[in-house]
Amino acid sequence: MEAIILLGGPGAGKGTLADFLKTQKGYLHISTGDMLRAAVKSGSEVGLEAKTCMEAGELVSDALILKIIKNRVAQEPAEAKFMFDGFPRTLEQAEGLHSLFAEIGGTISHVFNLDADRDILIRRLAARRTCRTCGAIYHVINMPPKVEGICDVDGGELYQRPDDSEETILNRLEVYAKQTAPLIGYYRAREIIHDLDAGGSADNTDQQALAIFV
Ligand code: AMP
């Protein structure tokens, strides 16, 4: 079992890069944010537990996230190639993933660190629109859908995530700096991290990532 990790603040472009690498490299896109949003929508127990934290831009508990990941990984065959987007987000989760992979014989081959300035992240998140059904991501100016408000992929309704409101964005950036940014050092020490300049276009980030696989 092999995995790559997309690391970066909210709005850095993890989901957009994930869509590209899924098509180009055949990775399975595992977004804990998408999984949690689906759980909230379905009203499941996991959803009920996660909802309040998500709305406030806080992280949900490490125990819950690690449970979700373990269950998800167990559904795939040994040759699966995972792409984790938005996971791990704390040192505790990184250690949990490490233990899980030690148990099942998994390897983390690359960690992509998507780096962009704070003001770029804020502007991007405010302009982000997401498909309610498939989770596809748009930017109202730089990456608009063909028809306003409608997803190109499946015709779903585009909406602004409630946690993309200005106040919550600022909290999410703070949470990232405090709880997730330390993972950069954690993976740098393991020599599997690749820094990407994620401040430009999506295509620019895609090409930097692709070049690392060659
Ligand atoms: P995202 O779609 O990755 O921006 O995640 C949206 C929200 O889901 C986050 O602000 C957190 O509340 C929650 N979340 C997603 N992934 C994780 C994770 N790995 N650990 C804790 N909370 C998470």
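## Salt bridges

A search of the whole structure, which is a predicted model, turns up 11 salt bridges. Let us begin with a simple idea: side chains of opposite charge can pair when their charged atoms come close. One such pair is Arg-72 and Glu-76, whose closest N and O atoms are 2.8 Å apart. How exposed or buried are these two partners? Arg-72 has a relative accessible area of 19%, and because buried means under 20%, Arg-72 is buried. Glu-76, with a relative accessible area of 23%, is partly exposed.

## A network around Asp-164

Now look at Asp-164, which is buried with a relative accessible area of 1%. Its side chain meets that of Arg-128 in a salt bridge of 3.0 Å, N to O. Asp-164 lies in the loop between strand 7 and helix 7, while Arg-128 belongs to strand 5 (residues 128-131), so the pair ties together parts that are 36 residues apart in sequence. Arg-128 is itself buried, at 13% relative accessibility.

Asp-164 also forms a salt bridge with Arg-172, at 2.8 Å from N to O. Arg-172 counts as buried too, at 9% relative accessibility. Which residues are joined into one network by salt bridges that share partners? They are Arg-128, Arg-161, Asp-163, Asp-164 and Arg-172.

## A charge without a salt bridge

Asp-206 sits in helix 9 (residues 202-213). This residue is buried, yet it has no salt bridge. The nearest side chain of opposite charge belongs to Arg-124, 10 Å away. A salt bridge needs the nitrogen and the carboxyl oxygen within 4 Å. What does Asp-206 touch, leaving aside its neighbours within four places in sequence? Its contacts are Thr-16, Leu-17 and Phe-20.

## The sheet

Five strands form an open sheet in the order 2-3-1-4-8, with parallel pairing. Strand 2 and strand 8 (193-197) are the edge strands, each pairing on one side only. From one strand to the next, the twist averages 20 degrees.

Try finding strand 3 (residues 81-85) in the structure: four of its five residues are buried. Five bridges join strand 3 to strand 1 (residues 2-8), and the two run parallel. Within this pairing, Ile-5 has Phe-84 as its bridge partner. Strand 2 (residues 28-31) also runs parallel to strand 3, joined to it by four bridges. Here His-29 stands opposite Met-83, and Ser-31 stands opposite Asp-85. As you trace the strands, remember that in a regular strand the side chains alternate between the two faces of the sheet.

## Helices on the sheet and on each other

Helix 2 (residues 32-42) lies across strand 2 and strand 3, and runs at about 65 degrees to strand 2. Helix 5 (residues 91-104) packs on the sheet as well, touching strand 1, strand 3 and strand 4 (107-115). The direction of helix 5 makes about 155 degrees with that of strand 4.

Two packed helices are described by the angle between their axes and the distance between the axes. For helix 5 and helix 8 (residues 182-189), the angle is about 35 degrees and the axes are 9 Å apart. Where they meet, helix 5 brings Leu-91, Ala-94, Glu-95, Leu-97 and His-98, while helix 8 brings Pro-182, Leu-183, Tyr-186 and Tyr-187. The residues of this contact divide into seven nonpolar, one polar and one charged.

## Loops and backbone details

A cis peptide bond joins Phe-87 and Pro-88, with omega at about -5 degrees. Pro-88 is in the loop between strand 3 and helix 5. Another backbone detail appears at Glu-191, in the loop between helix 8 and strand 8. The phi of Glu-191 is near 60 degrees, a positive value in a residue other than glycine. Glu-191 counts as exposed, at 72% relative accessibility.

Asn-142 lies in the loop between strand 6 (137-139) and strand 7 (158-159). Is Asn-142 buried or exposed? With a relative accessible area of 60%, Asn-142 is exposed, because exposed means over 50%.

## Apart in sequence

Ala-177, in helix 7 (residues 166-180), is partly exposed, with a relative accessible area of 48%. Ala-177 and Gly-9 are 168 residues apart in sequence, and their C-alpha atoms are 8.0 Å apart in space. Asn-142 and Ala-127 are 15 residues apart in sequence, with 9.0 Å between their C-alpha atoms.

Notes. Residues are numbered from 1 along each chain as its sequence is written. This is a predicted model: local features need pLDDT of at least 70, side-chain atom pairs count only at pLDDT 80 or more; totals for chains, interfaces and linings use all residues. Side-chain values use heavy atoms; hydrogens and water are left out. Buried means under 20% relative accessible area, exposed over 50%, partly exposed in between (1.4 Å probe, protein chains only). Two strands pair if DSSP finds at least two bridges between them. Lys and Arg count as positive and Asp and Glu as negative; His and the chain ends are not counted. Contact means heavy atoms within 4.5 Å. Axes are lines fitted to C-alpha atoms, for helices over the stretch in contact, and angles run from 0 to 180 degrees between N-to-C directions. Ala, Val, Leu, Ile, Met, Phe, Trp, Tyr, Cys and Pro count as nonpolar, Asp, Glu, Lys and Arg as charged, and the others, Gly among them, as polar.
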